[in-house]
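The following report works through charged contacts, sheet pairing and backbone details in a single structure. It is meant to be read alongside the coordinates.

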Amino acid sequence: MNRTIKKVAILGSGVMGSRIACHFANIGVEVILLDIVPKDATADKRSRNKIVDDALAFALKSNPSPIYRKAFAKRITTGNFDDNMKDIATCDWIIEVVIERLDIKKQVFENVEKYRKPGTLITSNTSGIPIHLMNEGRSEDFQKHFCGSHFFNPPRYLKLLEIIPTPKTSPEVVDFLMKYGELYLGKTTVLCKDTPAFIANRIGVFGIMSLFHLIEKMGLTIEEVDKLTGPVLGRPKSATFRTCDVVGLDTLVHVANGVSDSCPNDESIALFKIPTFVSKMVENKWLGSKTEQGFFKKVKLAGGKSEIHALDLKTLEYKPSQKIKFPTLELTKSIDNLTERVKVLVAGKDKAGEFYRTTFYALFQYVSNRIPEISDELYKIDDAMKAGFGWDLGPFEYWDAIGIAQTVKAMEEAGNKPAHWINDMIASGATTFYKVENGNRKYYDIPTKSYKTIPGTESFILLDTIRPSKTVWKNSGATLTDIGDGIVNLEWNTKMNSIGAEVIEGINKSIEIAEKDFRGLVISNEGANFSAGANVGMIFMMAVEQEYDELNFAIKTFQNTMMRVRYSSIPVVVAPHNMALGGACEMSMHSDRVVLHAETYMGLVEFGVGLIPGGGGTKEFAVRLSDELKEGDVELNSFRDRFLTIGQAKVSTSAYEAFDLGYLRKNKDVVVLSRNRVLAEAKANCIEIAAAGYTQPSHRKDIRVLGKQALGLAYLGANSMMSGNYISEHDVKISQKMAYVLCGGDLSTPTLVSEQYLLDLEREAFLSLCGERKTLERLQSIITGGKILRN
């Protein structure tokens with residue numbers, strides 16, 4: 001069946017329902033969002049839709065936003081179950097997101113059957129109710145097109161989508177949802193069995209409940225646990241207890257009780273028993289963010305300031321949060337590679353090391369015993385935990401990092417004997433759960449005792465799997481890899497993926513090699529962020545030592561490199577994701593095309609450190625302003641917008657907003673929903689540009705700048721802002737320097753100038769600001785984590 005999704009109905013507008021609606025609107029789908037009619041409603045439509053309208057309005061105001069661009073919310077139409085259920089007849093997919101009660105869900109589905117057209121997809125977003133119980137009594141067509149579709153909160157940001165079929169679900173429906181979720185919704189789709197809590201929550205809640213009991217046994221504080229289970233372990237900053245506060249302690253207890261009631265044969269069922277301190281917190285309504293206090297709460301102090309207090313689990317009293325240090329953690333500060341860092345953490349000789357060994361051994365035992373109960377393949381468990389809980393490594397990947405055979409021995413000595421298949425695997429000669437073979441990442445398949453390619457990864461280009469055999473060139477920070485079909489990819493691996501001398505060398509060398517031997521160049525990496533921008537530490541050191549000749553050379557080299565990206569003889573495609581700030585934004589703006597992940601936060605942020613964009617960013621805004629405008633008042637309005645974008649260091653909250661801010665080009669740059677597909681799409685675009693007969697562009701000498709006409713407007717605006725105490729005197733100076741470049745200087749009339757003319761103005765302004773004390777203090781503050789060091 002050639003199935004397309006043009007319109008979706010979301011039944012239930014609570015926290016999940018309204019945000020799922022927003023994410024479908026994000027991808028261009030028309031959405032009907034329905035909920036119940038208030039008990040006290042009048043005949044007025046607004047009154048009857050109050051619940052759904054209020055829920056959507058609340059979602060749209062929430063931070064972080066569930067919507068890529070505010071205008072996308074217009075794709076959502078609200079209504080109620082009584083008046084608008086008939087409208088689901090026009091929908092291609094109906095998703096139920098009502099309260100977690102089987103009786104109410106069944107009532108909703110009975111009503112759905114009255115209006116749903118045959119063949120329409122119908123799914124439930126339940127987090128734990130058995131899927132097969134929901135479709136009892138439904139028609140054959142309903143049952144054939146019904147399954148679970150479990151989104152994780154917030155749906156825009158957490159990538160997991162669990163698909164849970166019943167025995168009566170059509171395989172075509174399952175295949176479609178698995179592919180649609182990944183390709184169009186940007187999800188990691190994981191096929192689950194219809195078991196309690198499915199995969200991610202079953203493992204994740206076990207981990208949290210295990211910690212609840214361990215914290216009492218080891219005498220740890222919640223601050224200590226969050227320090228140990230956060231970024232140092234490759235997990236989100238919210239770690240364990242802040243995550244509990246965000247999710248809601250009542251939700252966590254609900255899932256834990258569900259597993260406890262439904263899984264009497266679970267060997268770790270005792271750990272799902274709710275500890276006394278958790279029961280007391282639920283009784284007190286200390287549920288987390290939803291009740292404004294849980295394991296943490298914000299306390300207002302005298303003078304209007306506030307601070308975070310943490311709950312003392314022994315006294316159940318809140319105390320100011322404490323800074324935590326462990327010797328083992330100190331040993332890992334210089335280790336950027338997570339797999340190497342995990343080995344050091346587990347080998348620790350202090351309480352931290354004991355904690356890691358205890359928690360990992362318990363986790364490894366638990367996940368090994370869940371196969372084949374919740375999944376037949378181990379990679380699904382890893383995928384679910386990474387996409388649903390934000391872990392950088394899944395349980396089996398952590399186990400690989402530590403070493404399987406030696407860990408099994410230690411586990412057995414500690415009383416955490418793993419499942420029998422682990423010993424069978426070791427006996428077969430297999431030493432890892434994953435391995436790379438012929439450029440493909442493979443997983444250990446338990447029934448066949450062999451390695452198989454992970455399904456669905458054939459469409460992805462994974463640099464980690466091809467880099468070892470396809471490296472063309474490298475230096476200490478950058479690597480050029482042949483990704484096939486005449487295209488090479490440049491990546492770098494520096495702190496925060498910042499752009500320093502080794503990266504600049506890498507860009508120039510890569511273009512040189514590509515021009516000689518390849519069809520095109522992609523610039524992409526697999527780091528947590530594409531790049532935080534230029535290496536400000538290098539800039540600060542040169543400025544503080546007043547090495548202005550060296551600084552001028554460094555900035556000119558950066559500018560020339562960006563122009564090399566623009567004017568190479570082969571197409572250059574930049575493929576950013578997450579943070580793409582400062583110099584990374586400038587690089588993107590100079591490329592032939594940007595192919596970026598939807599979750600890209602792009603901006604020229606130099607104003608915030610007392611500078612202007614000095615790598616061609618200010619120049620590029622002048623170029624784009626010239627290309628877009630006609631003479632008249634509109635010129636000044638657009639100039640003002642460009643001026644404020646840089647002056648306020650605006651960063652897009654999504655790839656789509658980057659178009660609105662002028663960082664991306666309409667009808668040219670491309671947004672990709674699936675993070676896993678960004679590099680493959682960038683390569684395809686690079687091939688497309690090359691195949692169309694790419695011609696090296698000519699340097700621009702036709703840029704129309706406004707001169708004094710706009711310069712006066714900028715100076716007046718900056719001075720007015722200072723008069724109103726909105727900006728400082730130093731900010732005025734930066735604003736004037738920036739305006740001078742954007743306007744092409746104090747030319748008496750609008751004039752045509754060259755890019756090099758503007759680059760020279762930009763560099764001169766940048767260098768002059770580097771000598772300002774306030775700029776040096778801002779740079780130093782960033783480098784030292786907010787501390788201003790004085791001689």
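Lysine 50 has a relative accessible area of 46% and counts as partly exposed, in a model that is predicted. Its side chain forms a salt bridge with aspartate 54, the closest N and O atoms being 2.7 Å apart, and aspartate 54 is itself partly exposed, at a relative accessible area of 41%. Both residues belong to helix H3 (residues 50-61), where they are 4 residues apart, so that about one helical turn separates them.

A similar description can be given for another helix. In helix H21 (residues 463-470), aspartate 464 and arginine 467 are 3 residues apart and thus separated by about one helical turn. Their side chains meet in a salt bridge with an N to O distance of 3.0 Å. Aspartate 464 is partly exposed, with a relative accessible area of 48%, and arginine 467 also counts as partly exposed, at 21%, a value that can be read against the limit of under 20% for a buried residue. Elsewhere, salt bridges that share partners join Arg202, Asp266, Glu267, Arg370 and Glu373 into one network.

A further salt bridge links two strands. The side chains of glutamate 30 and lysine 7 meet at 3.8 Å, N to O, a distance that satisfies the criterion of within 4 Å. Because glutamate 30 lies in strand E2 (residues 30-35) and lysine 7 in strand E1 (residues 7-11), this pair ties together parts that are 23 residues apart in sequence. The two partners fall into separate accessibility classes, since lysine 7 is buried, with a relative accessible area of 17%, while glutamate 30 is partly exposed at 40%. A search of the whole structure finds 49 salt bridges, and the table sets out the three pairs described here.

| Salt bridge | N to O distance | Relative accessible areas |
|---|---|---|
| Glutamate 30 and lysine 7 | 3.8 Å | glutamate 30, 40%; lysine 7, 17% |
| Lysine 50 and aspartate 54 | 2.7 Å | lysine 50, 46%; aspartate 54, 41% |
| Aspartate 464 and arginine 467 | 3.0 Å | aspartate 464, 48%; arginine 467, 21% |

The report now turns to strand pairing. An open sheet is formed by 7 strands in the order E15-E16-E17-E18-E19-E21-E23, with mixed pairing. Strand E15 (471-474) and strand E23 (670-672) each have a single partner strand and stand at the edges, so one side of each is left without a neighbour in the sheet. From one strand to the next, the twist averages 20°. Within this order, strand E16 (residues 478-484) and strand E17 (residues 487-492) pair in the antiparallel sense over 6 bridges, and leucine 480 has leucine 490, in E17, as its bridge partner.

Several backbone features deserve separate attention. Most residues other than glycine have a negative phi, and most peptide bonds are trans. Against that background, the peptide bond between asparagine 63 and proline 64 is cis, with omega at about 5°, and proline 64 sits in the loop between H3 and strand E3 (76-80). Another cis peptide bond runs from isoleucine 371 to proline 372, where omega is near 10°; proline 372 is placed in the loop between helix H16 (351-369) and helix H17 (378-389).

Positive phi values occur in two residues that are not glycine and that have contrasting surroundings. Phenylalanine 198, with a phi of about 60°, is in the loop between strand E8 (188-191) and helix H9 (200-218), and its relative accessible area of 0% makes it buried. Methionine 496, whose phi is near 55°, is found in the loop between E17 and helix H22 (501-517), but this residue is partly exposed, with a relative accessible area of 47%.

Helix H31 (residues 729-742) completes the account. Its 14 residues reach 20 Å from the first C-alpha to the last, which is close to the 20 Å expected at 1.5 Å a residue. The buried residues of H31 are His730, Asp731, Val732, Ile734, Ser735, Met738, Ala739, Val741 and Leu742. Following H31 comes glycine 744, with a positive phi near 75°.

Terms used
Residues are numbered from 1 along each chain as its sequence is written. This is a predicted model: local features need pLDDT of at least 70, side-chain atom pairs count only at pLDDT 80 or more; totals for chains, interfaces and linings use all residues. Side-chain values use heavy atoms; hydrogens and water are left out. Buried means under 20% relative accessible area, exposed over 50%, partly exposed in between (1.4 Å probe, protein chains only). Two strands pair if DSSP finds at least two bridges between them. Axes are lines fitted to C-alpha atoms, for helices over the stretch in contact, and angles run from 0 to 180 degrees between N-to-C directions. The expected span of a helix is 1.5 Å times one less than its number of residues.
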